[in-house]
Amino acid sequence: MKIDLTDTTAGEINKALVKGRRAIGTPAVGMVLTLVIVTDEENAYDALKAANDASREHPSRTLVVIKRVSRSPRDRTSSRLDAEVRVGVEAGTGETVVLRLYGEVSDHADSVVLPLLLPDAPVVVWWPVNAPLDPAEDPLGALAQRRVTDTYAAEQPVRELSARAEAYTPGDTDLSWTRITPWRSMLAAALDQVDCAVRAVEVEGEEFNPSCELLAMWLADRLDVPVRRSLSAGPGLTAVRMETSHGPIVLDRADGSLATLTIEGQPARAVALKRRDTAELIAEELRRLDPDDTYASALRYGVERLNPQAAEPVAVAEPEREAAKAPAKKAAAKRAPAKRAAAK
C-alpha cells in the first residue's frame with residue numbers, strides 16, 4: 001500500500017502510517033530499529049532497494065531523506081515537505097517513508113525525522129553518497145547510535161579515509177570496511193592453521209580502493225609488520241600474500257568470485273569469496289549497534305603510515321606523467337652509448 005502526501009507535516013505522516021498498518025491488518029509495530037537513509041534522487045532507488053532487501057533480516061522503519069535543490073531564489077525561501085508512505089509489500093517486511101524536503105526545511109531535516117523515529121528503538125543513519133566529513137556532528141547523525149558511510153563513493157576515497165580517522169567517533173563505520181569482512185575471516189583462519197610468525201605482507205588490489213587500504217592497515221595494525229600495497233586491475237581486492245616463518249601464505253582472488261588459498265605444506269584449496277551487494281553489506285552492519293573498536297584501531301593506524309603516496313589519490317595527467325619521465329629518459333639516452341662501448 002502506498003500513500004502520497006503533498007505539502008504535509010510529520011503529524012500527518014504518522015497518521016498515514018497508522019492508517020496503512022490498519023488497512024493491511026497489522027496494527028502492531030514489529031520493527032526493531034529505524035534506518036535513516038540520507039541521499040539524493042539519483043541514488044535513492046538503489047539505496048531503498050538495498051534497505052528493503054536487508055529488512056528481511058532486520059524489520060525496520062526506513063526513512064529516506066531527499067533534499068531537493070531549489071531552482072530559484074523564491075523557492076529557496078519557501079518550505080515544503082512531500083512524503084510517500086509505503087507499508088506492506090511495497091516496503092519489504094517493515095515500513096518506508098520517502099521524505100522530499102524543499103526550501104529552508106532542507107536545513108532542518110532532523111526536526112522532520114525526529115517525530116518519525118520508532119520509540120525506544122535504535123537509530124542507524126546511512127549516507128550512500130555525499131557523507132559529511134564528521135558524521136557524528138551532523139544533525140541527523142547526532143540522532144543515531146550507528147552512522148554508516150561509504151568512502152568508496154567519495155571523489156577521493158583514500159584521502160577520505162584520513163578525514164574519517166580525524167573525525168572518528170564511536171559508532172562510525174564504513175561499508176568499505178564491511179566489504180573486507182570475508183577477507184579478514186579467511187586470513188585469520190589461515191593463520192590459525194599453522195604455528196608461525198608473520199614477517200611481511202603484501203596487499204594487492206585496485207588503485208585508490210579504500211577497502212584495499214583498510215585491509216592493509218588492519219594487517220599492519222594487528223600483526224605489527226611491514227605491509228606493502230601493490231596495484232592490480234581488480235576487481236577490488238585481488239590478493240594477499242604473507243611471508244611467514246612457516247612459508248608463504250597466499251589468498252588470491254583474480255575474478256572477484258572464487259579465491260585460492262595456498263599454505264606451505266598443504267594442498268591449494270578453492271574458497272568462495274564473492275563480492276557482495278549493498279543489501280548484504282547493510283544487513284551485516286545492522287547486526288551490531290555497538291562501536292567497532294577493530295575498525296577504529298585500523299582506521300587510526302593511518303593510510304599515510306602505510307603508504308605515504310596513497311594520501312594523494314589524484315591521478316597524474318598523462319602529459320604531466322610524460323613530462324616527469326622526460327629527465328629520466330634523457331639520462332638513460334646519455335648512458336646508453338657508454339654502455340654499448342663498454343660491452344664492446
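**Salt bridges, buried residues and a helix crossing**

Arginine 80 pairs up with aspartate 82 in a salt bridge, and their closest N and O atoms sit 2.8 Å apart. The structure in question is a predicted model, and every value below was computed from it. The two partners are not equally covered: arginine 80 is partly exposed, at 31% relative accessibility, while aspartate 82 is buried, at 12%.

A little further along comes another pair, glutamate 84 and arginine 86, whose side chains meet in a salt bridge with an N to O distance of 2.4 Å. Here both residues are buried. The pair also belongs to something wider: through shared partners, salt bridges tie Glu41, Arg68, Glu84, Arg86 and Arg100 together in one network. In general, side chains of opposite charge can pair when their charged atoms come close.

Another salt bridge links lysine 15 to glutamate 12, with 3.7 Å between the closest N and O atoms. Why is about one helical turn the separation between lysine 15 and glutamate 12? The two are three residues apart in helix H1, which covers residues 10-23, so about one turn of the helix lies between them. Lysine 15 is exposed, with a relative accessible area of 55%, whereas glutamate 12 is partly exposed, at 39%. Across the structure, the salt bridges number 22.

Now for the chain as a whole. It is built with 12 helices and 14 strands. Of its 344 residues, 48% count as buried. Its accessible surface adds up to about 17300 Å², and carbon and sulfur atoms account for 51% of that. Contacts reaching along the sequence are part of the picture too: take the contacts between residues at least 6 apart in sequence, and 70% of them join residues at least 24 apart.

Some single residues show what such contacts look like. Aspartate 172 is found in strand S8, residues 172-174, and is buried, with a relative accessible area of 6%. In sequence, aspartate 172 and arginine 147 are 25 residues apart, yet their C-alpha atoms are 4.8 Å apart in space. Setting aside residues up to four places away in sequence, aspartate 172 touches Pro135, Ala136, Arg146, Arg147, Ala167 and Tyr295.

Serine 60 has its place in strand S3, which spans residues 60-67. With a relative accessible area of 2%, serine 60 is buried, because buried means under 20%. Neighbours within four places in sequence left aside, the contacts of serine 60 are Met31, Leu33, Leu35, Gly94 and Glu95.

Next, helix against helix. Two packed helices are described by the angle between their axes and the distance between the axes. Helix H8 (residues 210-223) packs with helix H10 (residues 293-301) at an angle of about 95°, and the axes are 8 Å apart. That angle makes H8 roughly perpendicular to H10, since angles of 65 to 115 degrees count as roughly perpendicular. On the H8 side, the contact is made by Leu214, Met217, Trp218, Ala220, Asp221 and Arg222. H10 brings in Thr294, Tyr295, Ser297, Ala298, Leu299 and Tyr301. Sorted by class, the contact has eight nonpolar residues, two polar and two charged ones. Tyr295 of H10 is also one of the residues touched by aspartate 172.

The loop between strand S9 (198-205) and H8 holds glutamate 207, which counts as partly exposed at 46% relative accessibility. Glutamate 207 and serine 232 are 25 residues apart in sequence, with 7.2 Å from C-alpha to C-alpha. Not counting residues up to four places away in sequence, glutamate 207 touches Arg229, Leu231 and Ser232.

Phenylalanine 208 lies in that loop between S9 and H8 as well, and its backbone deserves a look. Most residues other than glycine have a negative phi. Phenylalanine 208, though not a glycine, has a positive phi of about 60°. It is partly exposed, with a relative accessible area of 23%. Aspartate 120 likewise has a positive phi without being glycine, near 55°. This aspartate 120 sits in the loop between helix H4 (109-113) and strand S6 (123-126) and, at 84% relative accessibility, counts as exposed.

Conventions. Residues are numbered from 1 along each chain as its sequence is written. This is a predicted model: local features need pLDDT of at least 70, side-chain atom pairs count only at pLDDT 80 or more; totals for chains, interfaces and linings use all residues. Side-chain values use heavy atoms; hydrogens and water are left out. Axes are lines fitted to C-alpha atoms, for helices over the stretch in contact, and angles run from 0 to 180 degrees between N-to-C directions. Helices (H or I, at least four residues) and strands (E, at least two) are DSSP runs, numbered from the N terminus. Angles under 35 degrees count as roughly parallel, over 145 as roughly antiparallel, 65 to 115 as roughly perpendicular and the rest as oblique. Contact means heavy atoms within 4.5 Å. Ala, Val, Leu, Ile, Met, Phe, Trp, Tyr, Cys and Pro count as nonpolar, Asp, Glu, Lys and Arg as charged, and the others, Gly among them, as polar. Buried means under 20% relative accessible area, exposed over 50%, partly exposed in between (1.4 Å probe, protein chains only). Accessible areas come from the Shrake-Rupley method with a 1.4 Å probe; for residues, only the protein chains shown count as cover. A salt bridge is a side-chain nitrogen of Lys or Arg within 4 Å of a carboxyl oxygen of Asp or Glu.
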